[in-house]
Amino acid sequence: MLTTFIVVSFLLIGTLLHLTLADQLIKLDKATLTKDAQIFDAYVSGDVHVKALIKSYEESYKSSILILNQQDEILYKSDGITKQHFDNFIHKYTIKNDDKVNYRYEGAIEKSILRYKNKNTVYILSDNTTVNEIKSTIIKYFSYALLCMLPIIFIIVRYVNKSYIQPIKEVTYASRLLSEGNYKVRVPESSVTETKDLFKSTNILARTLQDLNNEQKLQRNRLETTLQNIPSATMLVNNHGEVAIANETYINLFNKRQPIEHGHYETVIDNKYIKQMIKEAIATEKPVNETLNITVNVHKKYFDVAVVPVLSKKRKKIEGIVIVLHDITQLKSLEQMRKDFVANVSHELKTPITSIKGFTETLIDGAKNEPETLNMFLDIILKESNRIQVLVSELLELSKIEQANHFEMSKVNLPQKVFNSVEVVHPLAEKKNIKFDLNFEKDLYVLAEPSKLKQVVINLLSNAINYSYDNATITVKVFQKDRNCILEITDEGIGIEPEEQMRIFERFYRVDKARSRDSGGTGLGLAIVKHIVEVFKGEIEVESEVGVGTTFRVILKQHLY
């Protein structure tokens with residue numbers, strides 16, 4: 001660019017000089033011819049002195065002269081030329097008759113013509129090679145000068161490029177890399193005084209940024225390590241409302257299937273009460289604490305939620321928000337269990353005990369002497385006793401499962417175990433003319449306690465049979481997805497209301513209490529299933545539509561080795 005600029009400037013100066021000198025020479029030629037014409041205008045036919053002067057002028061300047069009087073009669077004419085010759089030459093130009101002086105220069109044939117009108121009309125046709133000669137000379141010398149200047153220009157430009165432009169490009173490239181986060185870049189220091197300080201400053205900046213970046217990474221790693229090892233679900237939100245970091249506990253509990261980093265808390269957090277707490281903490285710039293009941297998958301959990309604003313050193317600006325959710329479900333469950341256990345057990349035992357007591361008193365009062373009444377009452381007493389026994393057995397079973405210290409885990413073929421369980425409940429299904437649609441993938445293994453896994457499947461299949469209509473179909477699928485083994489049991493039964501779906505895994509909770517009691521249910525079956533699946537480090541989900549049916553989904557980690 002610099003070379004082009006210099007060469008173009010040089011050519012523009014030469015062209016300007018070329019045109020200016022040519023224009024000046026033409027003006028000078030016009031002025032000279034005009035003065036000569038004024039002299040010739042004084043010519044009177046027969047004046048020997050003026051005629052001799054004209055002759056001498058013609059020879060000296062290689063000119064042709066024509067002088068006409070006011071009647072256009074020829075007073076003087078150069079030898080060997082006619083008036084027609086002047087007319088043919090002048091005809092190429094537009095000459096106004098009222099102009100006193102008219103001048104034209106014909107560069108192609110190097111001729112100048114001037115018409116001067118005063119007393120007489122004087123025409124001078126003169127050779128003019130000076131203009132073209134000057135033009136040629138200017139072009140020649142400027143060409144020589146340009147050819148001589150080109151090597152000098154090349155050397156200067158190369159020096160400027162090497163000493164200034166190239167170093168600046170290197171610093172620019174290094175700065176771009178620094179802006180992209182590559183803090184290891186360095187530039188070789190220059191020996192040129194003007195750029196030496198720039199190179200040194202750039203390298204100092206790069207080293208400083210690298211040190212700061214390393215320190216920032218160290219601090220972030222410490223923070224992430226601390227957060228990841230905190231058992232509570234923790235999230236940090238920056239001053240723009242974007243999630244800066246969330247620990248594994250939070251992701252596993254609330255956002256297991258989607259990334260949340262850099263997302264806005266309004267879209268990441270589903271719970272409206274937590275959002276309200278964040279807004280309150282921002283507005284008041286004070287910590288906010290609440291105990292919330294949050295549903296995670298199908299489980300109801302209790303969290304002690306703390307939302308703490310992070311203020312700047314001068315406490316004038318919020319730099320972020322820390323959200324901590326401490327799981328107190330177990331504490332709440334134990335507390336609630338202590339409250340509900342006596343009430344639930346007494347409620348479940350009240351009916352059979354009342355029946356046993358009532359029928360026993362009736363027998364004592366004399367009914368024992370009637371054989372038919374005696375046998376009927378004893379059958380009822382036996383049935384209610386069995387019911388109490390089942391209830392106590394399931395409570396003990398649930399207690400053992402919660403302790404989870406007696407399970408002997410082993411590699412279990414899940415499709416085979418499900419098929420065996422279907423065979424066990426098949427007679428119960430035949431009573432209602434219910435058919436099974438089985439769809440199993442082969443060789444899917446899980447780590448579980450075989451008898452407890454079978455208990456889970458039988459319990460879910462029994463529920464599907466009990467809550468399905470006659471002549472229905474129960475679909476049982478076992479398949480692999482995302483390194484998980486999934487068991488799905490779908491019935492065509494009564495379905496479960498949406499508000500009840502969250503409670504079916506609670507102890508003693510029944511969807512259809514009358515049907516459950518008639519079938520001998522205690523309301524502990526799904527609670528036992530949930531606890532067994534949790535001991536296997538799995539998950540259980542439910543999907544249901546009233547009047548259409550229900551799907552229970554058990555998700556267990558695939559055991560590959």
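Which residues of α4 are buried? They are Val131, Asn132, Ile138, Leu146, Ile153, Val157, Ser163, Pro167, Val171, Ala174, Leu177 and Leu178. The model behind this list is predicted.

**Overall make-up**

The protein has 561 residues, and 38% of them count as buried. It holds 15 helices and 17 strands. Take the contacts between residues at least 6 apart in sequence: 57% of these join residues at least 24 apart.

**Helix α4**

Helix α4 covers residues 130–179. It has a kink of about 45°, and asparagine 161 is the centre of that kink. The buried set of α4 includes Val157 and Ser163. Polar residues appear in it too, with Asn132 and Ser163 among the buried members. After the helix comes glycine 181, with a positive phi near 100°.

**The largest nonpolar core**

The largest nonpolar core has 40 residues. Within it, Phe436 and Leu460 touch the most other members. Helices and strands both feed this core. At least two residues each come from helices α11 (414–431), α12 (450–466) and α15 (525–535), and from strands β13 (445–448), β14 (473–481), β15 (484–490), β16 (539–545) and β17 (549–557). The top contributor is α12, which gives 7 residues.

Apart from this core lies another one, of 26 residues. Met235, Val237, Ile260 and Met277 are among its members.

What does leucine 460 touch, leaving aside residues up to four places away in sequence? The partners are Ile489, Leu526, Val529, Ile540, Phe552 and Val554.

**α12 against α15**

Leu460 also takes part in a helix pair, on the α12 side of the contact with α15. The two helices pack at an angle of about 145°. Their axes are 10 Å apart. The crossing is left-handed. From α12, the contact uses Lys452, Gln455, Val456, Asn459, Leu460 and Asn463. From α15, it uses Gly525, Leu526, Ile528, Val529, Ile532 and Val533. An α-helix has 3.6 residues a turn, so residues three or four places apart point the same way.

**Serine 78**

Serine 78 sits in the loop between β2 (74–77) and α3 (83–90). Is serine 78 buried or exposed? Its relative accessibility is 3%, so serine 78 counts as buried, the cut-off being under 20%. A polar atom of its side chain lies 2.6 Å from the backbone nitrogen of isoleucine 65. Serine 78 touches Ile65, along with Glu58, Ser63 and Ser64, when residues up to four places away in sequence are not counted.

**Positive phi outside glycine**

Two loop residues have a positive phi although neither is a glycine: asparagine 471 and aspartate 482. The table sets out their values.

| Residue | Phi | Loop | Relative accessibility |
|---|---|---|---|
| Asparagine 471 | about 65° | between α12 and β14 | 54% |
| Aspartate 482 | about 55° | between β14 and β15 | 63% |

Asparagine 471 counts as exposed because its 54% is over the 50% cut-off. Aspartate 482 counts as exposed because its 63% is over that cut-off. Strand β14 borders both loops: asparagine 471 lies in the loop between α12 and β14, and aspartate 482 in the loop between β14 and β15. Both α12 and β14 supply residues to the largest core, as does β15.

Key:
Residues numbered from 1 in each chain as written. Predicted model: local features only at pLDDT ≥ 70, side-chain atom pairs only at ≥ 80, totals over all residues. Heavy atoms only, no water. Core = buried A, V, L, I, M, F, W, Y, C linked by side-chain atoms within 4.5 Å. Buried < 20%, exposed > 50% of the residue type's maximum accessible area, 1.4 Å probe, protein only. Helix = DSSP H or I, 4+ residues; strand = E, 2+ residues; numbered from the N terminus. Contact = heavy atoms within 4.5 Å. Polar contact = N/O pair within 3.5 Å; in protein donor to acceptor, adjacent residues only side chain to side chain. Bend = angle between axes of the 7 residues up to and from the residue. Axes fitted to C-alpha atoms, helices over the stretch in contact; angles between N-to-C directions. Left-handed = near helix turned anticlockwise from the far one by under 90°.
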